[in-house]
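Student: Hey, can we go through this protein together? I'd like to start with what "buried" is supposed to mean.
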Amino acid sequence: MHRIITKIETKDDLVLIATFADGEVVSFDVKTMFDKYPVFHALEDLELFTSVKIDGVGYGISWNDDLDLSSDGIYVRGKHIGKVDPEIRMIVGQAIAEAREEKGMSQRDLSSQTGIMQAEISKIEQGKGNPTLSTLQKIAKSLGRTVASLML
C-alpha cells in the first residue's frame, strides 16, 4: 500500500513534517540520510531544502532530479507525532488510488473505462477534486466497488 502525502512542511534543523491522507502527521529528520546517502548533504543548503515539493499524487517528495524520498519511507522511518482529521475528499481519493492499484490499473486505464479525464482522476486521488456522485459511481463501478465502500 502506498501512503499518500497531502502536505509537506520544512522545519529548522532539516526536519520535514509530512501529513498523510489518513491524517497521520510524521516528523522526518533528513540528517538521518547523510551517512548512508551522502548526496543528501546538499540539503544543508536551506534554499534547496525549503524548495521541497510533493510528487504527483503524493507517493513521494523531491527537491530535484537527484534528491527524493518515498512517502512510505517517510512514514516508516519517521516519528509519528499526531493525527489530524482527514477530509472526506482525501479519504475517498486514497481509497480510489488503492483500489485502482489493487486491480493493476493506471489512471489512464481508469479514465478509458469511465470516460473521466485522467487529469480529473488525478485530482480526485489527491483529494483536490470535488467529484459528483455520478463521477464516483462510474469510478466505483469500474473498480468493482460501491461508492459507500470508498468512504469507509
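Tutor: Sure! A residue is called buried when its relative accessible area is under 20%, and exposed when that value is over 50%. Keep in mind that this is a predicted model.

Student: Okay, so is Val-147 buried or exposed?
Tutor: Val-147 has 16% relative accessibility, so Val-147 counts as buried, because the cut-off is under 20%.

Student: Where is Val-147 in the chain?
Tutor: Val-147 is in the segment that comes after α6, which covers 133-142.

Student: And which residues does Val-147 touch?
Tutor: Leaving out residues up to four places away in sequence, Val-147 touches Leu-133, Leu-136, Gln-137 and Ala-140. As for Thr-135, twelve residues away in sequence, the C-alpha to C-alpha distance from Val-147 is 9.8 Å.

Student: Nice. Switching topic: how many helices and strands are there?
Tutor: The protein has six helices and seven strands. Starting at the N terminus, the order is β-β-β-α-β-β-β-α-β-α-α-α-α.

Student: What about the sheet with β4, which order do its strands have?
Tutor: That one is an open sheet of three strands, ordered β4-β5-β6 with antiparallel pairing. Its edge strands are β4 (53-55) and β6 (68-70), each pairing on one side only. From one strand to the next, the twist averages 25°.

Student: How many bridges join β4 to β5?
Tutor: Three bridges do, and β5 spans residues 60-62. One pairing to look for is Asp-55 with its bridge partner Gly-60 in β5.

Student: Last one: what share of the whole protein is buried?
Tutor: Buried residues make up 45% of the 152 residues.

How values were computed. Residues numbered from 1 in each chain as written. Predicted model: local features only at pLDDT ≥ 70, side-chain atom pairs only at ≥ 80, totals over all residues. Heavy atoms only, no water. Pairing = 2+ DSSP bridges. Helix = DSSP H or I, 4+ residues; strand = E, 2+ residues; numbered from the N terminus. Axes fitted to C-alpha atoms, helices over the stretch in contact; angles between N-to-C directions. Buried < 20%, exposed > 50% of the residue type's maximum accessible area, 1.4 Å probe, protein only. Contact = heavy atoms within 4.5 Å.
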